[in-house]
Amino acid sequence: MSAKKVPSGKYTPEQTSNRFTYILGGIAILVIGVLVVGGVLWSSGGSGPRNDDYGSVQNAAVEVSIEDDGAILLGRPDAPRTVDLFEDPMCPYCAELEHKHSQELAQAIDDGQLAVRYRMLAFLDRASSSGDYSTRVVAAAQCVAESGDARAFSAFHNAVLSPDNQPAEGGKGDIDNAGLAQMARDAGASEDVAQCITDGTRVEEASADAEAGRQLLATTGAAGTPAVVYEGTVVDALGNENWVTELVG
């Protein structure tokens, strides 16, 4: 279940968001603004979910693990190809991508055609009412993945990236740790996992991992999130609705 990793580099980028909607500008350390530059989600094919009614990962042969850099790898050990998926839990277009393709990805993962390396970022913390929502979701996802329960992770990941659950950027509220823990329980995670989330056990580590992922994203050539990268090449996951079938075909 290995694939060529995207190259690493020393360049530290400004924080990025969806390439169709946001360009985050900044000087030195502080990000000073977000500019709306567009609103087209999909160039063709509508935005309805593909493989609707399939749901999240179901195959007991699918495994989940946290890699050394904090990325979460979901797939069968014999999967012939792995894609890197960069996303921020607060990014609305990440939620749209998941809405359209998560069930299609789940089936490809179950069938052993594809593995996904989730690189969850947190540059949109400042857009959440709590100020750290994205980081807390990354930490929660790592708590679930650390348990080794692939089906629970897949269901939890789908839940937190669901447009129905995702807090609005600049909104008046988001989901606290207790709420995230309950979402994990609903996804099938254990009480130990729920406690890990409630206590914020992995928050500090998740913050560092998210920042490393943000820096890695800038080396890929992707303009923002969501970004799908396969063997060092950015996949047009927003413009080409058939990208999953083309990868596994």
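Right after helix H1 comes Gly112, and its phi is positive, near 75°. Keep in mind that this is a predicted model. Helix H1 itself covers residues 92-110, and it bends by about 55° at His101. Elsewhere there is one disulfide in the whole structure, a nonpolar core of 66 residues, and a cis peptide bond from Thr225 to Pro226.

**Helix H1**

- At 1.5 Å a residue, the 19 residues of H1 should span 27 Å, and the C-alpha atoms at its ends sit 26 Å apart, which agrees.
- The bend of about 55° is placed at His101.
- Of the 19 residues in H1, 15 are buried, so the rest of the structure largely encloses this helix.
- Cys94 is one to look up here: it counts as buried, at 1% relative accessibility.
- Cys91 is buried too, with a relative accessible area of 0%.

**Asn51 and its link to H1**

- You'll find Asn51 in the loop between strand E2 (30-36) and strand E3 (63-66).
- Asn51 is partly exposed, at 33% relative accessible area.
- In sequence, Asn51 and Ser102 are 51 residues apart, but from C-alpha to C-alpha they are 8.7 Å apart in space.
- Once neighbours within four places in sequence are set aside, the contacts of Asn51 are Gln103, Glu104 and Gln107.
- With Gln107 there is also a side-chain to side-chain polar contact, at 2.5 Å.

**The disulfide**

- The one disulfide found in the structure is made by Cys143 and Cys196, with their sulfur atoms 2.0 Å apart.
- Cys143 belongs to helix H2 and Cys196 to helix H5, so this pair ties together parts that lie 53 residues apart in sequence.
- The link between Cys143 and Cys196 is left-handed, with -65° about the S-S bond.
- Cys143 counts as buried at 3% relative accessibility, and Cys196 is buried as well, with a relative accessible area of 11%.

**Around the disulfide: Arg202 and Ile197**

- Arg202 sits in the loop between helix H5 (191-198) and helix H6 (203-218).
- Arg202 carries a charged-type name you might expect on the outside, yet here is the value: it is buried, with a relative accessible area of 9%.
- Not counting residues up to four places away in sequence, Arg202 touches both disulfide partners, Cys143 and Cys196, along with Ile66, Ala139, Gln142 and Glu146.
- Ile197 also contacts Cys143, and beyond its neighbours within four places its other contacts are Ala140, Val144, Asn177, Leu180, Ala181 and Ala184.

**The nonpolar core**

- In soluble globular proteins, nonpolar side chains tend to be buried together.
- The largest nonpolar core here has 66 residues, and the ones with the most contacts inside it are Leu74, Phe153, Phe156, Leu180, Ile197 and Trp243.
- Helix H2 (residues 133-146) supplies the largest share of this core, with nine residues.

**Asp84 and two arginines**

- Asp84 is located in strand E5 (residues 82-87).
- Asp84 is buried, with a relative accessible area of 1%.
- Its side chain makes polar contacts with the side chains of two arginines: Arg117 at 3.1 Å and Arg119 at 2.8 Å.

**Backbone oddities**

- Most residues other than glycine have a negative phi, and most peptide bonds are trans.
- Asp53 goes the other way, with a positive phi of about 80° although it is not a glycine.
- Asp53 lies in the loop between E2 and E3 and is exposed, at 72% relative accessible area.
- Glu231 is another non-glycine residue with a positive phi, near 50°.
- Glu231 is in the loop between E7 and strand E8 (233-235), and it counts as partly exposed at 41% relative accessibility.
- The peptide bond from Thr225 to Pro226 is cis, with omega near 0°.
- Pro226 is in the loop between H6 and strand E7 (227-230).

Methods: Residues numbered from 1 in each chain as written. Predicted model: local features only at pLDDT ≥ 70, side-chain atom pairs only at ≥ 80, totals over all residues. Heavy atoms only, no water. Helix = DSSP H or I, 4+ residues; strand = E, 2+ residues; numbered from the N terminus. Expected span 1.5 Å × (residues − 1). Bend = angle between axes of the 7 residues up to and from the residue. Buried < 20%, exposed > 50% of the residue type's maximum accessible area, 1.4 Å probe, protein only. Contact = heavy atoms within 4.5 Å. Polar contact = N/O pair within 3.5 Å; in protein donor to acceptor, adjacent residues only side chain to side chain. Core = buried A, V, L, I, M, F, W, Y, C linked by side-chain atoms within 4.5 Å. Disulfide = S-S within 2.5 Å.
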